[in-house]
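User: Could you take me through this model feature by feature, giving the general idea before each case?

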Amino acid sequence: MSQTRKLLRPFRYVTPFGVAALTGALGIAAYTGRSLNTPRRQTWLDSYTFSPFEMQVPYEPVSFVTEDGVTIRGWWLPRAESRRVVVACTGHRGAKHELLGIASGLWRAGDNVLLFDFRGCGESDPAPPSVGHNELPDARAAVRFAQERLPAGQIGLLGYSMGGAVAILAAAADPSVRAVVADSSYAAISDVIANAYRRRRLPAQPFLAVSDRYNGWRYGYRYAALRPVDAIGRLAPRPVLLIHGAADELTPVAHAEELYAAAGEPKDLWIVPGAPHCCAYFADREAYVARVAAFFAGALET
């Protein structure tokens with residue numbers, strides 16, 4: 001029997017409807033994989049963004065190399081008189097200039113701040129992105145850079161959406177990170193994808209199972225690798241602040257509640273009424289900066 005016939009043999013009793021359903025599931029899996037793991041298409045506008053200059057904050061362009069050889073580029077906002085360092089992580093396919101509001105606020109509050117672009121984004125080297133898996137080496141390299149730049153520094157991680165998940169996962173494995181703020185983080189990426197299917201009136205199963213296997217085959221990781229809810233307990237006794245918008249449809253507020261329940265003390269949960277995904281900052285900029293700055297001031301001065 002030929003190799004082709006052997007491969008097709010398990011499907012010899014599949015009905016035409018079954019073939020159509022399988023084809024549709026594979027198509028949805030491929031679309032999901034592309035959405036999670038391909039870089040945003042950049043345009044000429046990406047070369048003309050704000051920098052710390054527009055925020056009247058001194059800064060230095062910096063770069064560092066990950067353990068797998070990717071060059072990551074960012075901005076160092078210095079506070080020579082301070083030991084506090086906040087390393088900020090952007091969301092999925094985001095760029096460092098998107099965090100200039102909170103970064104400049106933290107700098108004015110007395111923190112050194114490191115902003116950087118994840119691989120395949122902004123000014124960093126082109127490399128396959130993901131929704132947290134491939135970005136973990138970037139976050140680890142950013143922490144190492146901060147440690148080398150300020151050997152006596154006390155480092156905290158701040159992350160948004162995917163960046164919040166990366167911050168939790170990276171800090172859970174690195175006791176040198178003293179505190180974490182995660183805004184709009186997912187508890188498990190599989191639940192985010194299942195929610196996206198349901199919002200499009202698709203059954204979460206079996207599409208989730210098919211897309212999980214497809215993602216592992218095509219992009220090298222399964223969804224189970226991205227479960228901050230399983231890691232957040234290892235942060236204790238280091239403090240964590242979870243922020244989430246009550247009107248978040250992409251990553252529902254239940255994710256924050258699940259993370260909070262799994263976290264050890266000390267922990268804090270701030271739910272912002274009416275705020276969509278990653279929009280708690282915009283609900284009240286002054287209050288947001290004050291609360292995050294106070295958290296890091298307390299956590300990184302002990």
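Analyst: What follows is a dialogue on helices, burial, packing and backbone geometry. This is a predicted model, in which local features need pLDDT of at least 70 and side-chain atom pairs count only at pLDDT 80 or more, whereas totals for chains, interfaces and linings use all residues. Residues are numbered from 1 along each chain as its sequence is written, and side-chain values use heavy atoms, with hydrogens and water left out.

User: How are the helices delimited, and what span should the 14 residues of helix α4 have?

Analyst: Helices (H or I, at least four residues) and strands (E, at least two) are DSSP runs, numbered from the N terminus. The expected span of a helix is 1.5 Å times one less than its number of residues. For α4, residues 136-149, this gives 20 Å, and the end C-alpha atoms are 20 Å apart, which agrees.

User: Which residues of α4 are buried, and how many of the eleven residues of helix α5 are?

Analyst: Buried means under 20% relative accessible area, exposed over 50%, and partly exposed in between, with a 1.4 Å probe and protein chains only. In α4 the buried residues are Leu136, Pro137, Asp138, Ala139, Ala141, Ala142, Val143, Phe145 and Ala146. In α5 (residues 162-172) eleven of the eleven residues are buried, so this helix is largely enclosed by the rest of the structure. With contact meaning heavy atoms within 4.5 Å, the buried residues of α5 pack against β3, α4, β5 (154-160), β6 (177-183), α8 (228-231) and α9 (254-262).

User: How should I read the packing of helix α3 and helix α11?

Analyst: Two packed helices are described by the angle between their axes and the distance between the axes. Axes are lines fitted to C-alpha atoms, for helices over the stretch in contact, and angles run from 0 to 180 degrees between N-to-C directions. Helix α3 (residues 100-108) packs with helix α11 (residues 285-300) at an angle of about 55 degrees, and their axes are 9 Å apart. Angles under 35 degrees count as roughly parallel, over 145 as roughly antiparallel, 65 to 115 as roughly perpendicular and the rest as oblique; α3 and α11 are therefore oblique to each other. The contact is made by Ile102, Gly105 and Leu106 of α3 together with Tyr288, Val289, Val292, Ala293 and Phe296 of α11.

User: What surrounds Thr90, leaving aside its neighbours within four places in sequence?

Analyst: Thr90 lies in the loop between β3 (84-89) and α3, and Thr90 is buried, with a relative accessible area of 2%. Beyond those neighbours, Thr90 is in contact with Ala95, Lys96, Leu99, Phe116, Phe118, Tyr160, Met162 and Gly163.

User: Where does the backbone depart from the usual phi and peptide geometry?

Analyst: Most residues other than glycine have a negative phi, and most peptide bonds are trans. Arg93 has a positive phi of about 60 degrees although it is not a glycine; Arg93 is found in the loop between β3 and α3 and counts as partly exposed at 30% relative accessibility. Arg201, likewise not a glycine, has a positive phi of about 65 degrees, lies in the loop between α6 (189-199) and α7, and is exposed, with a relative accessible area of 79%.

User: And which peptide bonds are cis?

Analyst: A cis peptide bond joins Gln205 and Pro206, with omega about 10 degrees, and Pro206 lies in helix α7 (residues 204-219). The bond from Glu265 to Pro266 is also cis, with omega near -5 degrees, and Pro266 is placed in the loop between α9 and β8 (267-272).
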